[in-house]
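Visitor: I am new to this structure and should be grateful for a close look at one part of it. Please set that part against the whole before describing it in detail.

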Amino acid sequence: MVGKRKAKLELPVVPPPLGAEEAARGAFAADRDLTSHHFVEGEHPIVRIEHLNKTFDGTTQVLRDVNLNVWPGEVVVVLGPSGSGKSTMLRCINLLEIPTAGHILIEDEEITGKGATDVNKLRRDVGMVFQSFNLFPHLTAKENVMIGQTKVLGKSKGEAEKEALIQLEAVGLLDRADYKPAALSGGQQQRVAIARAVAMHPNVILFDEPTSALDPELVRGVLDVMRDLAENSGMTMIIVTHEMGFARDVADRVVFMEDGVVVEQGRPEKVFDHPENQRTAEFLGSIE
Ligand SMILES: Nc1ncnc2c1ncn2[C@@H]1O[C@H](COP(=O)(O)OP(=O)(O)O)[C@@H](O)[C@H]1O
Ligand SMILES: [Mg+2]
């Protein structure tokens, strides 16, 4: 390819976002068979992704017209081969990446487009857990869980500490509160990262392959913490993972992505046992 330049892609033209009521009605009609979420009458999706497109460097189209609703309290697991755009989609939801075209709305408020989005507020509302933990190495577990609370939420040290200890206990690490990350296993570090995200009480938590960097024997503890959150916290969770057993047991809905497109979505038993799309079937067949 030396000396050859890829042609710039045309920017996709997408319609404006739907109005809240219309979107909620349409999403309910489209989603009620795709998820085991328990709908409440008149409920609106908490996250709405409409015609999301993302292009890098104007040449590589990574997301192509992705449409997805996520309901309050719903647990959505996103599956798909490496490079299919899963991380990019998650990162668009909290504006770590800026969408090229399309709309993302959180609680019916658009975060994309020209309006002045308050990114700090968005990051409060939408938590994220990364594959690589991203803890501050010079802070203890407890201080890692406190710092967002004091700096972003403006809580007092005392309040933040109380909450940090509650959340560290919930992930089974109360006895490690004063340890620095280097003195913790990868699984323990990831549980601290989850405690840190939950301590902010976000409306939505995004998990990007939270167990992929872990030694196999440490995966279970992290999945158990996530399962507990999914079953008992009522938190809305969007989880990218390759843990098929976890997806089958815990997800309300499974979304299969390939090549920047949502290929198929549905209740886990449907997608795993009776995939409609051949590519879904091949992917699931190849990994289990
Ligand atoms: N910052 C970037 N610049 C250029 N290309 C990128 C960037 N981030 C991701 N990509 C490309 O976008 C595609 C999708 O990546 P990603 O969203 O990370 O996929 P997944 O999480 O499903 O593995 C890949 O081809 C990747 O190389
Ligand atoms: Mg990824």
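Guide: The account below begins with the whole chain and then turns to one strand and what surrounds it.

The model is a predicted one, in which local features need pLDDT of at least 70 and side-chain atom pairs count only at pLDDT 80 or more, while totals for chains, interfaces and linings use all residues. Residues are numbered from 1 along each chain as its sequence is written, chains are lettered from A and ligands numbered from 1 in the order in which they are written, and side-chain values use heavy atoms, with hydrogens and water left out.

The chain holds ten helices and ten strands; these are DSSP runs numbered from the N terminus, helices being H or I of at least four residues and strands E of at least two. Along its principal axes, the C-alpha trace spans about 55 × 50 × 45 Å. The radius of gyration, taken over C-alpha atoms, is compared with a globule rule of 2.2 Å times the number of residues to the power 0.38. For 288 residues a compact globule would have a value near 19 Å, and the chain agrees, with 19 Å. Of these 288 residues, 49% count as buried, where buried means under 20% relative accessible area, exposed over 50%, and partly exposed in between (1.4 Å probe, protein chains only). A contact means heavy atoms within 4.5 Å. Among contacts between residues at least 6 apart in sequence, 69% join residues at least 24 apart.

The part chosen for closer study is strand β7, which comprises residues 204–208 and includes Leu206. Leu206 counts as buried because its relative accessibility is 0%. Setting aside residues up to four places away in sequence, Leu206 touches Leu90, Ile93, Asn94, Val126, Gly127, Met128, Val129 and Ile238. Arg91 is 115 residues from Leu206 in sequence, yet their C-alpha atoms are 8.8 Å apart in space.

Two of those partners, Leu90 and Ile93, are among the buried residues of helix α2, together with Lys86, Thr88, Met89 and Cys92. Six of the eight residues of this helix (86–93) are buried, so α2 is largely enclosed by the rest of the structure. Just after α2, Leu95 takes a positive phi of about 60°. Most residues other than glycine have a negative phi.

At the beginning of β7, attention passes to another helix. Asp125 belongs to helix α3 (residues 119–125), and beyond its neighbours within four places in sequence it is in contact with Pro202, Asn203 and Val204. Asp125 is buried, since its relative accessible area is 16%. Its side chain makes a polar contact of 2.7 Å with that of Lys121. A polar contact is a pair of N or O atoms within 3.5 Å; within protein, one must be able to donate a hydrogen and the other to accept it, and residues adjacent in sequence count only if both atoms are side-chain atoms.

The loop between α6 and β7 contains His201. His201 is partly exposed, with a relative accessible area of 49%, and its phi is near 45°, a positive value in a residue other than glycine. A further residue with a positive phi, although it is not a glycine, is His51, at about 55°. His51 lies in strand β1 (residues 47–56) and counts as partly exposed because its relative accessibility is 24%.
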